[in-house]
Amino acid sequence: MKRALGLDIGDRTIGVAVSDLLGMTAQGVETIRRTTLEADLARLQELMAQYETNLLVSGYPRNMNGTEGPRCEFVKEFCEEIRKAVPEAEIVFQDERLSTVAATRSLLEADVSRKKRKKVVDKMAAVFILQGWLDSHHQL
């Protein structure tokens, strides 16, 4: 199995996670501080090259009732920009409802300070997104 990058796409940051070579676990990579579209896409391309993958698992922020809201449109538009910049990118969407809540809860249980939580919560949300996708697609 090839590696996959998990993305938690937000207005100010993009949390990034990567799978192991066996496709069993997700680890946090970094939180990209968004500046310009070009810079954001360039950093994603660097990470795709570093981890030798074109598979991206993007969180898809459905509403709690399962409907698509404006955040879904925002994520789809950003993923279209990725496709323009990297035509070979394979992008799949993973329901991310409560991923940030789960990430925050996990960090609270680990007794991570508020200041540190703020820096890593998006990366941790990307881990939850990617791990959910890996768990649902793992071939036994």
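Is Cys79 buried or exposed in this chain? Cys79 is buried, with a relative accessible area of 1%, and I open with this residue since it leads into a point about the cysteines. Before going further, I should say that what we have on the screen is a predicted model, and everything that follows should be heard with that in mind.

Staying with the cysteines for a moment, Cys72 also counts as buried, at 0% relative accessibility. A disulfide is a covalent bond between the sulfur atoms of two cysteines. In this model the count of disulfides comes to 0, and I will leave the cysteines there.

Let me now step back to the overall layout. The chain has 140 residues, of which 44% are buried, and its secondary structure comes to 4 helices and 5 strands. Reading from the N terminus, the order of the elements is β-β-β-α-β-α-β-α-α. If we take the contacts whose separation in sequence is 6 or more, residues 24 or more positions apart account for 61% of them. As for the surface, the accessible area of the chain comes to about 7,900 Å², and carbon and sulfur atoms hold 53% of it.

What about the interior? The largest nonpolar core has 22 residues, and the members that touch the most others are Leu5, Leu7, Val16 and Ile82. Two or more residues are given to this core by each of β1, β2, α1, which spans 37–50, β4, and α2, which spans 70–85. The largest share, 5 residues, comes from α2. Apart from this core lies another, of 11 residues, with Ala4, Ile129, Leu130 and Leu134 among them.

Val16 is a good residue to click on if you want to see how these parts come together. Leaving aside neighbours within four places in sequence, Val16 is in contact with Leu5, Gly6 and Leu7, with Gly28, Val29, Glu30 and Ile32, with Leu44 and Leu47, and also with Lys123 and Ala126.

I turn next to the aromatic residues, where the structure holds 1 aromatic pair. The rings are those of Tyr60 and Phe93, and because their centres are 4.9 Å apart with the planes at 50°, the pair is described as tilted. The pair links distant parts of the chain, since Tyr60 belongs to strand β4, residues 55–60, while Phe93 belongs to strand β5, residues 90–95, and the two are 33 residues apart. The partners also have their own burial classes: Tyr60, at 5% relative accessibility, counts as buried, whereas Phe93, at 33%, counts as partly exposed. There is one further ring to point out, that of Phe74, over which the charged end of Arg71 sits, 4.4 Å from the ring centre.

Strand β5 is also the place of Gln94, a residue that is buried, with a relative accessible area of 17%. Not counting residues up to four places away in sequence, Gln94 touches Val57, Ser58, Gly59 and Tyr60, and in addition Ile129, Gly132, Trp133 and Ser136. Among these partners is Tyr60, which we have just met in the aromatic pair, and Ile129, which was named in the 11-residue core.

Let me go back towards the N terminus, to Arg12 and Thr13. Arg12 is in the loop between β1, residues 5–9, and β2, residues 13–19, and at 70% relative accessibility it counts as exposed. Thr13, by contrast, lies in strand β2 and counts as buried, at 8% relative accessibility. With neighbours within four places left aside, Arg12 is in contact with Ile32, Arg33 and Arg34, and the C-alpha atoms of Arg12 and Ile32 are 8.5 Å apart, with these positions 20 residues apart in sequence numbering. Under that condition on neighbours, Thr13 is in contact with Asp8, Thr31, Ile32, Arg33, Arg34 and Asp122.

Finally, a backbone detail. Most residues other than glycine have a negative phi. Which residue has a positive phi of about 50° although it is not a glycine? That residue is Glu52, found in the loop between α1 and β4, and Glu52 is exposed, with a relative accessible area of 68%.

Notes
Residues numbered from 1 in each chain as written. Predicted model: local features only at pLDDT ≥ 70, side-chain atom pairs only at ≥ 80, totals over all residues. Heavy atoms only, no water. Phe/Tyr/Trp six-rings, centres within 6.5 Å; stacked < 30°, edge-to-face > 60°. Buried < 20%, exposed > 50% of the residue type's maximum accessible area, 1.4 Å probe, protein only. Lys NZ or Arg CZ within 6 Å of the ring centre and 35° of its normal. Contact = heavy atoms within 4.5 Å. Areas by Shrake-Rupley, 256 points an atom, 1.4 Å probe, with all protein chains shown as cover. Disulfide = S-S within 2.5 Å. Core = buried A, V, L, I, M, F, W, Y, C linked by side-chain atoms within 4.5 Å.
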